[in-house]
Amino acid sequence: MTVFHFFNCAILTFGPHAVYYSATPLSEYDTLGTSVKAAFVYLGTALVKLVCLATFLNVSENDSFDLYQELLKALIGFIDVAGLYFALTQLTYRNISQNHKFQAVGLGWAFADSVLHRLAPLWVGARGLEFTWDYILQGLESNANLVLSISLAALGSLMWLRKNKPKTLIPIIYICALIVATMPSITSYLRRDMDWHFPKVVGFELFTSMVMAFTSWQLFSACQRPSA
C-alpha cells in the first residue's frame, strides 16, 4: 500500500511534465535537448539562490512573517528571472520557433524544480506507514508550478524576444511577469501571516496558475497578430 501510494504521488508530481511534452508539438520537433539545457540552467540558478539566501537571510527563531526578510527573499527570487532570461536568449538551440522555445524552456525549468524540491521528500515521506494527503497536495502544487513556469517563460519570451509587440500590452506583460515571479513570496505571506493551511495555499496556486496561463496565452496571441 505504501509503495502504491508513493507511485501515485510520483505520477501526480512528475507525470504531467511527460504528458505535456508528448501531447504537444514539442515531441514532434524534438525539443528535449532544449528542456534539458533549461533544467541545467535552473540547477545553476538554484545554487546561486541558495548561496545568496544563506549569505543574506537571517535564521528566524519563529515562523512569523518578516516583511524585510520576505522582501529580500523576493529580490533574491528574481535570480530565477535572470536565469530564465539566460535560458531563453543566450543558449543556442536547434532551429525551433519562439512558440516552441518558451514551452520547452518552461517545461525543463518546472521539471528541474520538481525534482530538486519534491523528489527527496516524496521518496522519504510517501513510503511511510501512515497515509497523508500532504504528498498528493505537493503533486498538485507541482502541477501549478508547471503552469506558472511555462506562463513566465511565455511572458519572458514576449519581453525579451518579441520586438514588434503592441505598446499598450507592454505594461500588462510586465505586471503579469512580476506577479508570477513573486508567487513564492505571496504564498509564504499567505502561510505565515494569514495562517492559511497547505490545502488552501495549493488551491490558491492552482487558481492563480490557471488565471496566469489564460492571461499569458491571450497576450501571446495578441502579440502574434499582425499590426494594423
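Which residues are buried in helix H3 (residues 67–77)? In this predicted model, the buried residues of helix H3 are Gln69, Glu70, Leu72, Ala74, Ile76 and Gly77. They pack against helix H2 (32–56), helix H4 (79–89) and helix H8.

The overall fold sets the scene for this helix. The protein contains nine helices and zero strands. Read along the sequence, its pattern is α-α-α-α-α-α-α-α-α. The chain has 228 residues, and a compact globule with that number of residues would have a radius of gyration near 17 Å. The protein has 18 Å, which agrees. Along the principal axes, the C-alpha atoms fill a box of roughly 60 × 40 × 30 Å.

Burial and contacts were examined next. Of the 228 residues, 45% are buried. Among contacts with a separation of 6 or more, 81% join residues 24 or more positions apart. The protein exposes about 12,800 Å². Carbon and sulfur atoms supply 67% of that exposed area. Charged side chains number 15 positive and 14 negative. The centres of these two sets lie 15 Å apart.

Two residues show how helix H3 meets its surroundings. Leu72 sits in helix H3. Its relative accessibility is 19%, so Leu72 counts as buried, the cut-off being under 20%. Leaving aside neighbours within four places in sequence, Leu72 is in contact with Phe56 and Leu57. Phe56 falls within the range of helix H2 (32–56). The second residue, Ser185, belongs to helix H8 (residues 183–192). Ser185 has a relative accessibility of 16% and therefore also counts as buried. Once neighbours within four places in sequence are set aside, Ser185 touches Glu70, Lys73 and Ala74. Of these partners, Glu70 and Ala74 are among the buried residues of helix H3. Leu72 and Ser185 are 113 residues apart along the chain. Their C-alpha atoms are nevertheless separated by 9.8 Å.

The cysteines were then considered. How many disulfides does the model contain? The count comes to zero. Cys176 illustrates why. The closest cysteine sulfur to that of Cys176 is in Cys223, at 11 Å. A disulfide needs the two sulfur atoms within 2.5 Å, so this pair is too far apart for a bond. Cys176 is buried, with a relative accessible area of 8%. Cys9 is buried as well, at 0% relative accessibility.

Two loop residues stand out by their backbone angles. Asp30 lies in the loop between helix H1 (2–23) and helix H2. Its phi is near 55 degrees, a positive value in a residue other than glycine. Asp30 is partly exposed, with a relative accessible area of 47%. Asp195 is found in the loop between helix H8 and helix H9 (198–224). The phi of Asp195 is near 60 degrees, again positive in a residue other than glycine. At 57% relative accessibility, Asp195 counts as exposed, because the value is over 50%.

Technical notes: Residues numbered from 1 in each chain as written. Predicted model: local features only at pLDDT ≥ 70, side-chain atom pairs only at ≥ 80, totals over all residues. Heavy atoms only, no water. Helix = DSSP H or I, 4+ residues; strand = E, 2+ residues; numbered from the N terminus. Rg over C-alpha atoms; globule rule 2.2 N^0.38 Å. Buried < 20%, exposed > 50% of the residue type's maximum accessible area, 1.4 Å probe, protein only. Contact = heavy atoms within 4.5 Å. Areas by Shrake-Rupley, 256 points an atom, 1.4 Å probe, with all protein chains shown as cover. Lys, Arg positive; Asp, Glu negative; His and termini not counted. Charge placed at Lys NZ, Arg CZ, Asp CG, Glu CD.
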